[in-house]
Amino acid sequence: MLSRRLLRTKVVKAVYAYTQCEGMTPVAAEKNLVASVNCAYDLYFHLLALVPEIAEYAAERIRIGENKKLPTYEDLHPNRKFVENKVVARLAEDEGLQAELKARKLSWSGHRDLIVALYNALVRQTFYQKYMASESRSFKEDAQLVSDIYMLMLEEFEPLETVLEEQSILWNDDLGYLLTMASRTVLSVRESHEAIKFLPQFKNEEDLEFAKVLLRNSIGGYERIGMMIDNTMSNWDIERVALMDNIILVVGIAEAESFASIPTRVTLNEYIDIAKYYSTNSSGGFINGILDKVISRLTEEGKIVKSGKGLL
């Protein structure tokens, strides 16, 4: 399922787009946010279909070798362990996955260069070489290989990032989150169960509403919260504060004000980490200091009230 961290990140990006696009309405910003969230779930299914494409190319190479006029011993006695991987076969044949791909209009056709590059990179991976060299064959071992492809190879594979960016600009920075979801899915597949159980889009029904409310309150309170931030930065040069830092602060304060059930410490930690990834090297400490001061003051004034055990 899509994590709250991913949803928070998408709200930050939506607020950034709103501030930079003259004439954009809050309604349009929310529509774009929902589209981005839904597109992230599309990527989950898209990635599940990727490893079978690599295996099919590997099988094609084996067929070509076997049909040579003068085949070598290796051509005639290929290692078929990867192309016969049971989890890969389950992904390729799963009717539910094929239905999702069709409904979402997702396909890797037309990206043969990427599949070839992925295969060539895969055969150089130590985890793949150990898998192929092992004489044991088990469903668990097959699942682990597919998981390793997702978790150990694909996130930093630039050709994949390039193709995904060409397919949808809404997939920018989503890859790591969705690779984790894909890995969890393949590791949960059981040999005794024919159908694959896909992760739901959200952990809770309230998650999408959380993102929408957070966006509305961030946009609606942008100027008011911005003034609070300015008043807190007595020792900072306001003109030199990065725009993204300012937006992260606005969204973080809006969350602290809007959701009584979310602990203050959770909010602080989430936006500190988002700042470290999306802004400058010094942003984490800056966000921590300003957020803590503003939230502490609002709490003392009774404007932020947390309810529930351990939520202060």
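Here are some exercises on this predicted model, each with a worked solution.

Residues are numbered from 1 along each chain as its sequence is written. In this predicted model, local features need pLDDT of at least 70 and side-chain atom pairs count only at pLDDT 80 or more, while totals for chains, interfaces and linings use all residues; side-chain values use heavy atoms, with hydrogens and water left out.

**Exercise 1. Helix H1**

Compare the span of helix H1 with its expected span, then find what its buried residues pack against.

Step 1. Helices are DSSP runs (H or I, at least four residues), numbered from the N terminus. H1 covers residues 4–20, which makes 17 residues.

Step 2. The expected span is 1.5 Å times one less than the number of residues. For H1 this gives 24 Å, and the end C-alpha atoms are 24 Å apart, so the two agree.

Step 3. Buried means under 20% relative accessible area, exposed over 50%, and partly exposed in between (1.4 Å probe, protein chains only). In H1 the buried residues are Leu6, Leu7, Arg8, Thr9, Lys10, Val11, Val12, Ala14 and Val15.

Step 4. Those buried residues pack against helices H2 (26–48), H11 (175–188), H12 (207–220), H13, H14 and H15 (264–278), where contact means heavy atoms within 4.5 Å.

**Exercise 2. Helix H9**

Describe the length, the kink and the burial of H9.

Step 1. H9 runs over residues 139–154, 16 in number, and reaches 22 Å from its first C-alpha to its last, close to the 22 Å expected.

Step 2. Now look for a bend, which is the angle between axes fitted to the seven residues ending at a residue and the seven starting there. H9 has a kink of about 30°, centred on Asp148.

Step 3. Check the covering: 12 of the 16 residues in H9 are buried. Among them are Phe139, Leu145, Ile149 and Leu154, and Asp148 at the kink centre is also buried.

**Exercise 3. The H13 and H14 pair**

At what angle do H13 and H14 pack, and which residues meet?

Step 1. Two packed helices are described by the angle between their axes and the distance between the axes. Axes are lines fitted to C-alpha atoms, for helices over the stretch in contact, and angles run from 0 to 180 degrees between N-to-C directions.

Step 2. H13 (residues 222–232) and H14 (residues 243–258) pack at about 105°, with axes 10 Å apart. That makes H13 roughly perpendicular to H14 (65 to 115 degrees).

Step 3. From H13, Tyr222, Arg224, Ile225, Met228 and Ile229 take part, meeting residues of H14 that include Leu243, Ile247, Val250 and Glu257.

Step 4. Sorted by class, this contact has 10 nonpolar, one polar and two charged residues. Here Ala, Val, Leu, Ile, Met, Phe, Trp, Tyr, Cys and Pro count as nonpolar, Asp, Glu, Lys and Arg as charged, and the others, Gly among them, as polar.

**Exercise 4. Two loop residues**

Is Lys105 buried or exposed? Repeat the task for Asp173.

Step 1. Lys105 sits in the loop between H6 (95–103) and H7 (112–122), and has a positive phi of about 55° although it is not a glycine. With a relative accessible area of 77%, Lys105 is exposed.

Step 2. Asp173 is in the loop between H10 (158–167) and H11; its phi is positive too, about 70°, and it is not a glycine. At 35% relative accessibility, Asp173 is partly exposed.

Conventions
Helix = DSSP H or I, 4+ residues; strand = E, 2+ residues; numbered from the N terminus. Parallel < 35°, antiparallel > 145°, perpendicular 65-115°, else oblique.
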